[in-house]
Amino acid sequence: MKKVGIIGWRGMVGSVLMERMREENDFKDIEPLFFSTSQAGQEGPEINGTTYELLDARDLSLLKETDILLSCQGGQYTSDIHPKLRNEGWDGYWIDAASTLRMEKDAIIVLDPVNRKIIDQGLTDGIKDYVGGNCTVSLMLMALAGLFEKGWVEWITSQTYQAASGAGAKNMIELVEQMRLVGENAQNLLDDNETALRVDRNVIETVRSPRFLTKQFGAPLAASLIPWIDRAMDNGQTREEWKGISETNKILGYAENQIPIDGCCVRVGSMRCHSQAFTIKLNKDIPLADIENAIVSHNQWVYLVANTKEETVNKLTPTRVSRTLDIPVGRLRKMNLGEQYLSAFSVGDQLLWGAAEPVRRMLKIALEHLG
Ligand code: NAP
């Protein structure tokens, strides 16, 4: 059995990965080794009755014994360790959730329901680095790859509504702490059936208070939103927005004639589901029925939600989609802008298809390839 080292298994993405690997019984096919940067020597996870001792994630000699390393540890770890391992001649597969290597020439961004051919070609060509994509990009492609595959997309704008989990575990906790403070401060007013105006004033006073908890997000998210994710680029975009065009085109293998993609990425108060509103310029007038067919026939996880109030509020929300691999697409309609303009809305669990699932599936593909 192949030796697979897992680093970052107890972090946000790593624990979702572990959950999925247990569900799919993936551990039966591998000899797992668990690494930590801070807990070497301590007890690690228990798998099928065996409790694994944690190994030092900075010990190159131990890492080099593996056939595959799967890291959900973060970009700094990848920057520190990956070049050292390669310099020392380790030529195993490096599978990663961090963005560090995504745009490297010799790395492939993995989303196998969309780019399996590119992954297989990479394996044949001896490429060794495989990296999960940005969460909004992966979720957009799981939803709309059928349209790209038909060659119908001229450009897309994507306005995102991104969950707290995208910023990490501490941010998820901070969001709920913020909600608690808002609720606690308004409790007496609610109990006394005060007017909405008084409750609103109380909520604003709470979130504007200098004592309000904003250590992780740097601003209130509960009862508000934050229209900025990641760091600034020179062109006025955020890096999260830049990933839309660069990663999508790389995943699809469009080196030239890139499809323009742009939009505004916004953090909202949902826990782990990202949502996106798309405006899609088609390169010709295509009947809505053909568009629907192209979307749903692409993969087994995407499905349509009827463009009615009842279906939308019940089926096209983070509440419904959270903790599932479902990719619903709804609010689908031609826009008043013209017959080539399509509006759509999609929701996806950003810890599953947005993070852990593509790397989990890549591990299986690499194992198949190694035979
Ligand atoms: P995270 O939750 O901060 O976990 C990273 C590491 O922090 C853990 O492996 C653990 O390493 C350490 N850690 C310290 N205290 C911890 C605690 N109390 N509980 C758990 N872990 C603790 O990071 P993440 O959000 O999973 O992100 C990992 C990578 O995936 C990043 O590069 C991120 O950009 C990328 N990514 C994240 C998302 C997302 O939605 N969050 C989506 C796509 C990609 P030790 O055991 O070594 O101490």
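In the predicted model, Q350 occupies the loop that runs between strand β16 (338-349) and helix α12 (352-370). Its relative accessible area is 3%, so Q350 is buried. When neighbours within four places in sequence are left aside, the residues in contact with Q350 are C135, L139, S165, G166, R272, C273, H274 and A355. One of these contacts involves polar atoms, for the side chain of Q350 makes a polar contact of 2.6 Å with the side chain of S165.

S165 itself is placed in another loop, the one between β10 (153-162) and α6 (169-191). With a relative accessibility of 5%, S165 also falls below the 20% limit and therefore counts as buried. Beyond residues up to four places away in sequence, S165 touches M172, M271, R272, Q350 and L351. Both S165 and Q350 appear in the UniProt annotation "binding site", which comes from an unreviewed entry and lists R10, G11, M12, V13, Q73, S165, G166 and Q350. Of the listed residues, G11, M12, V13, Q73, S165, G166 and Q350 are included in the lining of the largest pocket.

A further annotation from the UniProt record, "active site", likewise taken from an unreviewed entry, covers C135 and H274. Although these residues span 140 residues in sequence, their C-alpha atoms are no more than 8.2 Å apart, so they gather at one spot. The lining of the largest pocket includes both C135 and H274.

C135 is located in helix α5, which covers residues 135-149, and it is buried, with a relative accessible area of 11%. Apart from its neighbours within four places in sequence, C135 is in contact with E240, H274, Q350 and G354. H274, in turn, belongs to strand β13 (residues 273-282) and is buried at a relative accessible area of 2%. The contacts of H274, not counting residues up to four places away in sequence, comprise C135, T136, L139, Y161, Q162, A163, G166, R267, S346, V347, G348 and Q350. In addition, the side chain of H274 reaches the backbone nitrogen of A163 at 2.9 Å.

Another buried residue is K243, which lies in helix α8 (residues 239-252) and has a relative accessibility of 6%. Its side chain is joined to the side chain of D230 by a polar contact of 3.4 Å. When residues up to four places away in sequence are not counted, K243 touches S99, R102, N134, V137, D230 and T248.

At the level of the whole chain, the structure is divided into domain 1 (2-133 + 356-370), domain 2 (137-163 + 227-349) and domain 3 (169-225). The C-alpha centres of domain 1 and domain 3 lie 39 Å apart.

In soluble globular proteins, nonpolar side chains tend to be buried together. In this model, the largest nonpolar core has 68 residues, and those with the most contacts inside it are L144, L147, F148 and I280. Helix α5 gives the most to this core, with 10 residues. Because domain 1 and domain 2 both give residues to the core, it lies between them. L144, when its neighbours within four places in sequence are left aside, is in contact with I156, F278, I280 and I295. A second core, separate from the one just described, has 15 residues and includes L69, I81, L85 and V131.

Finally, P318 is found in helix α11 (residues 318-321). At 26% relative accessibility, P318 lies between the 20% and 50% limits and so counts as partly exposed. P318 and C273 are 45 residues apart along the chain, yet their C-alpha atoms are separated by 5.1 Å. Leaving aside neighbours within four places in sequence, P318 is in contact with S270, C273, S275 and V347.

Conventions:
Residues are numbered from 1 along each chain as its sequence is written. This is a predicted model: local features need pLDDT of at least 70, side-chain atom pairs count only at pLDDT 80 or more; totals for chains, interfaces and linings use all residues. Side-chain values use heavy atoms; hydrogens and water are left out. UniProt positions are given in the numbering used here, feature names are shortened, and annotations may be inferred rather than shown by experiment. On a 1 Å grid over the protein atoms alone, a cavity is a set of points where a 1.4 Å probe fits but cannot get out, and a pocket is an open set with protein on both sides within 12 Å along at least five of seven lines; lining residues have an atom within 4 Å of a point. Helices (H or I, at least four residues) and strands (E, at least two) are DSSP runs, numbered from the N terminus. Buried means under 20% relative accessible area, exposed over 50%, partly exposed in between (1.4 Å probe, protein chains only). Contact means heavy atoms within 4.5 Å. A polar contact is a pair of N or O atoms within 3.5 Å; within protein, one must be able to donate a hydrogen and the other to accept it, and residues adjacent in sequence count only if both atoms are side-chain atoms. A nonpolar core is a set of buried Ala, Val, Leu, Ile, Met, Phe, Trp, Tyr and Cys residues joined through side-chain atoms within 4.5 Å. Domain bounds come from an automatic or database domain assignment.
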